[in-house]
Amino acid sequence: MEKLHNFINGAYLEPKSGEYIDNYEPATGQIYSWIPDSDSDDVELAVEAAEKAFPIWSAMSVEERSKILVKLSEGIDKRMDEFVAAESKDNGKPITLARHVDIPRAVSNFHFFATAILHFASESHYMEGVGVNYTTRKPIGIVGCISPWNLPLYLFSWKIAPALAAGNCVIAKPSEITPYTAYLLGKVAQEAGLPNGVLNILHGTGPKVGDAIVKHPKIKAISFTGGTKTGEYIARTAGPMFKKLSLELGGKNPNIIFSDCDFEDMLSTTIRSSFANQGQICLCGSRIFVEKSIYPRFKEAFVEKISKSKVSFPEDPKANLGAVVSEPHMEKILSYIELAKQEGGTILTGGKRVHLDAPHDKGYYIEPTIIEGLSFDCRTNQEEIFGPVVTITPFETEEEALMMANSTQYGLAGTIWTSDLKRAHRVADQLQSGIVWINSWLVRDLRTPFGGLKASGVGREGGWEALRFFTEAKNIFIKY
Ligand code: NDP
């Protein structure tokens with residue numbers, strides 16, 4: 001069985017402890033590789049390497065840094081098939097999704113920030129007759145990037161790319177559940193000519209190696225994407241150390257459908273926004289609010305289409321949904337479906353585990369599930385499930401839709417379907433979320449701010465926001 005290694009100082013290394021943990025393939029439920037069970041000793045080694053590399057990397061001209069990062073982006077592109085297969089095997093997602101979304105987005109993330117840095121400028125503020133202020137923006141030093149399992153390389157690269165482009169050295173940890181594409185990234189970094197120690201990739205568990213990254217005094221900033229509970233712990237730990245923090249956390253996103261929408265466009269997009277990646281995208285719209293006059297039509301069409309979706313193993317080109325990421329996660333999703341029943345919900349379609357034929361008979365498959373008849377404030381409608389489960393709820397007025405949409409502790413993303421321009425703007429303005437899509441979903445422009453309000457996080461990623469996060473501003477005033 002294959003053993004993965006940490007990538008430290010440009011070399012693949014065993015964990016100091018010599019301990020490994022099992023890596024499961026969600027499609028079969030079988031262990032297929034071992035990953036380092038790294039700890040604070042490995043973090044120390046990575047910090048030493050990053051400390052040596054920082055003066056070299058940060059002093060390099062932006063043009064040189066940009067060239068290396070463009071090569072890194074091209075390196076992933078060249079190994080597209082290898083990355084696609086690895087992502088799909090590690091995560092359980094349909095191979096078509098990894099090919100069309102995950103890996104191309106990782107390529108774009110590196111390419112985008114490799115070129116964005118060439119145009120990154122700082123401000124100057126002129127004071128009439130008094131003098132001038134100018135602001136410099138320098139890399140922070142060593143930064144930590146911690147990412148989740150749902151879009152493994154996509155979210156890993158979304159943090160690492162701006163951090164490196166801005167001139168920082170990085171200690172990064174992918175989720176222990178989906179380590180493989182992060183492991184491959186080290187090879188691409190070597191081939192691209194990234195100086196040793198600039199990017200260090202450590203594998204292992206959150207509470208062990210993740211925590212050691214968060215607590216290390218020489219790691220000056222933490223960019224984290226994951227659950228709200230973990231984010232809260234990281235804020236509590238790193239806050240008193242005055243680390244810069246960017247926290248992209250959970251969501252429970254509303255999808256608000258008005259009767260005047262383009263029904264067919266709404267329906268096909270709502271199918272995606274509900275169940276893409278088995279509903280394991282932080283931006284999925286898991287609470288669907290539908291104007292009462294079209295509720296019966298929507299319910300019939302939505303249930304009919306979803307009940308025909310194919311749940312299958314990731315390599316099946318006809319799979320609409322693959323496996324969810326792990327056995328504990330599958331159990332969590334199924335327990336929420338039970339909770340929904342206890343809370344008075346009716347399962348309109350789905351609701352059960354799917355057993356495929358061997359060799360996938362032990363894989364973690366769940367039917368796409370639509371539930372109705374729940375109150376907006378019950379646990380099923382308030383807590384993040386993060387799986388192929390949505391609720392549908394009718395509403396009568398715009399005010400009622402907004403009240404229900406804004407009722408959770410989260411505020412990541414929202415979707416609005418209407419052809420009334422004034423209403424679209426009005427509702428978008430009042431939605432408590434960091435991202436709003438009108439008559440669309442998951443359209444991403446990497447220049448735009450990305451992140452959530454309330455318990456969905458602190459700070460924004462994307463475009464200049466990310467480059468500002470990964471740099472320290474200093475204002476210098478000169479008197480005339
Ligand atoms: P977790 O919070 O469990 O884990 C996220 C990462 O943090 C993993 O690498 C994990 O390691 C690590 N980690 C766990 N505990 C600690 C700790 N004490 N100190 C440092 N690191 C730690 O989230 P999931 O991986 O389960 O991801 C799903 C969550 O991510 C959902 O809530 C989802 O909404 C959110 N998410 C948010 C996005 C956004 O942009 N706002 C985008 C995508 C997902 P390990 O897994 O190895 O334990």
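## A side-chain contact at T228

The side chain of T228 reaches the backbone nitrogen of G250 at 3.2 Å. This is a predicted model, and the distance belongs to that prediction.

T228 lies in helix 8, which covers residues 228-238. Is T228 buried or exposed? T228 has a relative accessible area of 18%. Buried means under 20%, so T228 counts as buried.

## The seven-stranded sheet

Seven strands make up an open sheet. Their order is 15-18-19-14-13-21-22. The pairing is mixed. From one strand to the next, the twist averages 25°.

Which strands stand at the edges? They are strand 15 (346-349) and strand 22 (435-438). Each has a single partner strand, so one side of each is left without a neighbour in the sheet.

## The edge at strand 15

Strand 15 pairs with strand 18, residues 369-372. The two run antiparallel. How many bridges join them? There are three. T349 has its bridge partner in strand 18: I370.

## A nonpolar surface patch

M1, Y24 and I31 form a nonpolar patch on the surface. Together they have about 290 Å² of accessible area.

M1 is found in the segment before strand 1, which spans 2-3. Its relative accessible area is 55%. The cut-off for exposed is over 50%, so M1 is exposed. T228, by contrast, is buried at 18%.

How values were computed:
Residues are numbered from 1 along each chain as its sequence is written. This is a predicted model: local features need pLDDT of at least 70, side-chain atom pairs count only at pLDDT 80 or more; totals for chains, interfaces and linings use all residues. Side-chain values use heavy atoms; hydrogens and water are left out. Two strands pair if DSSP finds at least two bridges between them. Helices (H or I, at least four residues) and strands (E, at least two) are DSSP runs, numbered from the N terminus. Axes are lines fitted to C-alpha atoms, for helices over the stretch in contact, and angles run from 0 to 180 degrees between N-to-C directions. Patches are made of residues with over 30% relative accessible area and no salt bridge: like charges are joined within 9 Å, nonpolar side chains (Val, Leu, Ile, Met, Phe, Trp, Tyr) within 5 Å. Accessible areas come from the Shrake-Rupley method with a 1.4 Å probe; for residues, only the protein chains shown count as cover. A salt bridge is a side-chain nitrogen of Lys or Arg within 4 Å of a carboxyl oxygen of Asp or Glu. Buried means under 20% relative accessible area, exposed over 50%, partly exposed in between (1.4 Å probe, protein chains only). A polar contact is a pair of N or O atoms within 3.5 Å; within protein, one must be able to donate a hydrogen and the other to accept it, and residues adjacent in sequence count only if both atoms are side-chain atoms.
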